[in-house]
Amino acid sequence: MTGDRIIQVEDLNKSFGKLHVLKGITTNIHKGEVVAIIGPSGCGKSTFLRCLNLLEEPTGGRIYFNGKDISHIKEVAKIRQHIGMVFQQFNLFPHKTVLENITYAPIKIKKIDKNEAKEKGLVLLAKVGLQEKADVYPSRLSGGQKQRVAIARSLAMEPEVILFDEPTSALDPEMVKEVLDVMKSLISTGITMAIVTHEMNFAREVSDRIFFLDGGKLAEDATPENFFSQPQCDRAKQFLEKML
Amino acid sequence: MNLDFSRVWGSIPFILQGIPTTLQYTLLSVVFGFLLGVILSLCKISGIKPLDYFAQAYTSIFRGVPLILMLSLVYFGIPQLTGYNFSALEAGVITFSLNSAAYVSETIRAGILAVDRGQREAAMSLGVPYLLYMWDIILPQALKNILPALVNESINLLKDTALVSTLGAQDILRSAQIVGAEKYLYFEPLILAGVIYYVLVITLTFGATALEKWMRRID
């Protein structure tokens, strides 16, 4: 599991005006690793995730992607091609069909041939079980289906790592499973993932490491076995008592 | 009262011939005004101070000065400075486009800001650069929301183009005035011109409603 470091974070700080959200996080994520990022709301876990693909610009510290310092890089768009992201609110493009959502970036950014992109898109759609929805607009999909399309869309760019920002939090309970199942099948392909989630059982089951954030700090960085059976800090103990 | 529409009956085709001219001014100005408006609106939301100030000042000036003054300035004033004589079409389209851009830039700016933040973030996270996602992802959604306002602006433009009759361009209004001058009748040809403008505007409105419905088909 512990291959090369794909993401390194050094003393990461992020402030919004006077609000100091991330207070010096240092860690790294290895190739092929699945990291679940958990913690109480307001602890900065989403901000941390969004810093990794520079949707939030760090106000201090450094982020390395494949050994390259990207914290203040100019060609952000180039880096982001290699870092997929799946959002809580799906953020599918409503004016494009499902297949167009998936093929848009490969065609426009990677300059892949249209027909080839479509074929690959259909394969991805089949992977998430939605091949028959290719020509439908997102407004016709359920929340779970939207999120599966969003996952396929991010996969279409063949990223090296995918960031999930609370991918099931906006879903009705009966749709959570279909999305988690897709994520599980992804994990089996060996792709690197960082997942901000409230699904403790899922985190426990699939992740290689747990990041527990509290008050903008990385309070715990442990294997799920250790974290869930013997959390080190009090805050994590309290948190787990409430969650489980 | 002295009304006699029968005397202008034969002149209707002549007045109708002004329609292509009016539409030509309108169409060109709508297109150029829109494109320039997009650029100005991007300046306004760019977060780059000089661009923002420029666009603000631009809008403020065109809002604050009568359109006919601007038109005269371009048509009569610029040749004095540059020696280049604009045709009525050039002067008209330039003035109306510049003016329209000032107004639609505000509309487009509001439309862009109203598009959900997540759309931008989704595009960014796919590695799509700024201008590309603005054009492909944000603008189409913004346009859908501001379509009614844009149609309004086009209607205003269509009516504003009547100002080119002061430059001698033979649009609908000018044609009506010529008929009036020939027959020493004013009320009837002007009413006819008014009806033509009205029908054009109504047609545009219906067309826009249909377009809006079509664009909302996927909601």
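In this predicted model, S71(A) counts as buried because its relative accessibility is 2%, below the 20% limit for that class. S71(A) sits in the loop that links strand 5 (68–69) to helix 2 (76–80) of chain A. Its side chain makes a polar contact of 2.5 Å with the side chain of D69(A). The side chain of S71(A) also reaches the backbone nitrogen of I63(A), at 3.0 Å. Leaving aside residues up to four places away in sequence, S71(A) touches L54(A), E57(A), P58(A), G61(A), R62(A) and I63(A).

Two other loop residues of chain A have a positive phi without being glycine. Most residues other than glycine have a negative phi. The table lists both.

| Residue | Phi | Loop in chain A | Relative accessible area |
|---|---|---|---|
| N66(A) | near 50° | between strand 4 (60–65) and strand 5 | 37%, partly exposed |
| K111(A) | about 60° | between helix 3 (98–108) and helix 4 (114–127) | 66%, exposed |

The nonpolar cores come next. The largest one has 56 residues, and within it I37(A) and F48(A) touch the most other members. Helix 8 (residues 130–160) of chain B supplies the largest share of this core, eight residues. Not counting residues up to four places away in sequence, the contacts of I37(A) are K45(A), F48(A), L49(A), A194(A), I195(A), V196(A), T197(A), F211(A) and L213(A). A second core, separate from this one, has 35 residues, among them V98(A), M183(A), M193(A) and V206(A).

Definitions and conventions. Residues numbered from 1 in each chain as written. Chains lettered and ligands numbered in written order. Predicted model: local features only at pLDDT ≥ 70, side-chain atom pairs only at ≥ 80, totals over all residues. Heavy atoms only, no water. Core = buried A, V, L, I, M, F, W, Y, C linked by side-chain atoms within 4.5 Å. Buried < 20%, exposed > 50% of the residue type's maximum accessible area, 1.4 Å probe, protein only. Helix = DSSP H or I, 4+ residues; strand = E, 2+ residues; numbered from the N terminus. Contact = heavy atoms within 4.5 Å. Polar contact = N/O pair within 3.5 Å; in protein donor to acceptor, adjacent residues only side chain to side chain.
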